[in-house]
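Please look over the sequence and the model below before reading on. The paragraphs that follow lead through it part by part.

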Amino acid sequence: QGYEGLVEGGDNIKQANWLSVSNIIQLGGTVIGSARCKAFTTRAGRLRAARNLVEHGITNLCVIGGDGSLTGADIFRSEWAGLLDELVRDGQISEEVARQNCRLNIVGLVGSIDNDFCGTDMTIGTDSALHRIMEIVDAITTTAQSHQRTFVLEVMGRHCGYLALVSGLASGADWLFIPESPPEDGWEDLMCERLGE
């Protein structure tokens, strides 16, 4: 469950094996779960997360996420030595354990369906999100044609129109709205005229 799992510990932290990843390649989303974690935004929450990691002997993290996840990882890394010192002072871990876990290595990977990060061709999640959109478009296109109706489809993408643009191109959409290019005044009449044709 992301940082929530780090903070809560217990059964949220377990070793993955071959059975953990069998038959999941076709699935969208994440099988390990994902959660926004208010506790991790506080030092007390990060202290609990550090305690749980040390307890399991984990000093390497691979963080897949967007701005919040990667910012949280950077803060966690920068505080690591201080968190261990605090755990030693509170008697939660020994100085020897702190020495053995003195370094936290983090690899950050951009997981965002928006595909809005420079330096990468495609962020993790974009391709599967686009495939899901196209499956939906293929399914409703038949209905739209048989009923001779216009369908409006809204896709995710926070402040980025990449998914809307690419799925619009791939599906042959008649009209497209993206945040990077807001419609000009009078767009309603133009759109109605286009759809009427």
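Helix H2 and helix H3, which covers residues 67-89, pack at an angle of about 75° with their axes 9 Å apart. An angle between 65 and 115 degrees counts as roughly perpendicular, and H2 and H3 are therefore roughly perpendicular to each other. On the H2 side, the contact is made by Arg43, Arg46, Leu47, Ala49, Ala50, Arg51, Leu53 and Val54. On the H3 side, the residues of the contact are Ile75, Phe76, Glu79, Trp80, Gly82, Leu83, Leu84, Glu86 and Leu87. By type, the residues of this contact of H2 with H3 divide into 11 nonpolar, 1 polar and 5 charged. The model in which these helices appear is a predicted one.

Two residues of that contact, Phe76 and Trp80, also belong to the largest nonpolar core. This core has 21 residues, and Phe76 and Trp80 touch the most other members. H1, H2, strand E1 (60-65) and H3 each supply at least two residues of the core. Its largest share, 6 residues, comes from H3. Which residues is phenylalanine 76 in contact with, leaving aside its neighbours within four places in sequence? They are Leu6, Phe40, Arg46, Ala49, Ala50, Leu53, Leu61, Leu83 and Leu104. A second, separate core of 5 residues includes Ala129, Leu130, Val137 and Leu163.

Leu163, a member of that second core, is also one of the buried residues of helix H6. In H6, Leu163, Ala164, Ser167 and Gly168 are buried. Seen down the axis of H6, its buried residues fall within an arc of 125°, so they line one face of the helix. These buried residues of H6 pack against H5. The face of H6 turned away from its buried side carries the exposed residues Leu169 and Ala170. After H6 comes glycine 172, with a positive phi near 70°.

Helix H5 spans residues 126-147, and threonine 126 has its place in this helix. Is threonine 126 buried or exposed? Its relative accessible area is 0%, and buried means under 20%, so threonine 126 is buried. Leaving aside neighbours within four places in sequence, threonine 126 is in contact with Ser112, Ile113, Asp114, Asn115, Tyr162 and Leu163. Leu163 thus appears again, here as a contact of threonine 126.

The loop between H5 and helix H6 (162-171) holds glutamine 148. Arginine 158 lies in that loop between H5 and H6 as well. Glutamine 148 has a relative accessible area of 74%, and exposed means over 50%, so glutamine 148 is exposed. At 65% relative accessibility, arginine 158 also counts as exposed. The C-alpha atoms of arginine 158 and isoleucine 113 are separated by 9.5 Å, while the two residues are 45 residues apart along the chain.

Backbone angles are the next topic. Most residues other than glycine have a negative phi. Glutamine 148, however, has a positive phi, near 50°. Asparagine 23 likewise has a positive value, with phi near 60°. Where does asparagine 23 lie? It lies in the loop between helix H1 (2-8) and helix H2 (43-56). With a relative accessible area of 67%, asparagine 23 is exposed.

Past H2, the loop between H2 and E1 contains threonine 59. At 19% relative accessibility, threonine 59 counts as buried, because the cut-off for buried is under 20%. Not counting residues up to four places away in sequence, threonine 59 touches Asn101, Arg103, Leu104 and Asn105. Leu104 is also among the contacts of phenylalanine 76.

Valine 88 leads back to helix H3, where it lies. At 23% relative accessibility, valine 88 counts as partly exposed, because that class runs between the buried limit of 20% and the exposed limit of 50%. Residues up to four places away in sequence not counted, valine 88 touches Ile93, Ser94, Glu95 and Ala98. How far apart in space are valine 88 and leucine 163, C-alpha to C-alpha? They are 48 Å apart in space and 75 residues apart in sequence. Leucine 163 sits among the buried residues of H6, whereas valine 88 lies in H3.

Conventions: Residues are numbered from 1 along each chain as its sequence is written. This is a predicted model: local features need pLDDT of at least 70, side-chain atom pairs count only at pLDDT 80 or more; totals for chains, interfaces and linings use all residues. Side-chain values use heavy atoms; hydrogens and water are left out. Helices (H or I, at least four residues) and strands (E, at least two) are DSSP runs, numbered from the N terminus. Buried means under 20% relative accessible area, exposed over 50%, partly exposed in between (1.4 Å probe, protein chains only). Contact means heavy atoms within 4.5 Å. Axes are lines fitted to C-alpha atoms, for helices over the stretch in contact, and angles run from 0 to 180 degrees between N-to-C directions. Angles under 35 degrees count as roughly parallel, over 145 as roughly antiparallel, 65 to 115 as roughly perpendicular and the rest as oblique. Ala, Val, Leu, Ile, Met, Phe, Trp, Tyr, Cys and Pro count as nonpolar, Asp, Glu, Lys and Arg as charged, and the others, Gly among them, as polar. A nonpolar core is a set of buried Ala, Val, Leu, Ile, Met, Phe, Trp, Tyr and Cys residues joined through side-chain atoms within 4.5 Å. The arc is that of the directions from the helix axis to the C-beta atoms.
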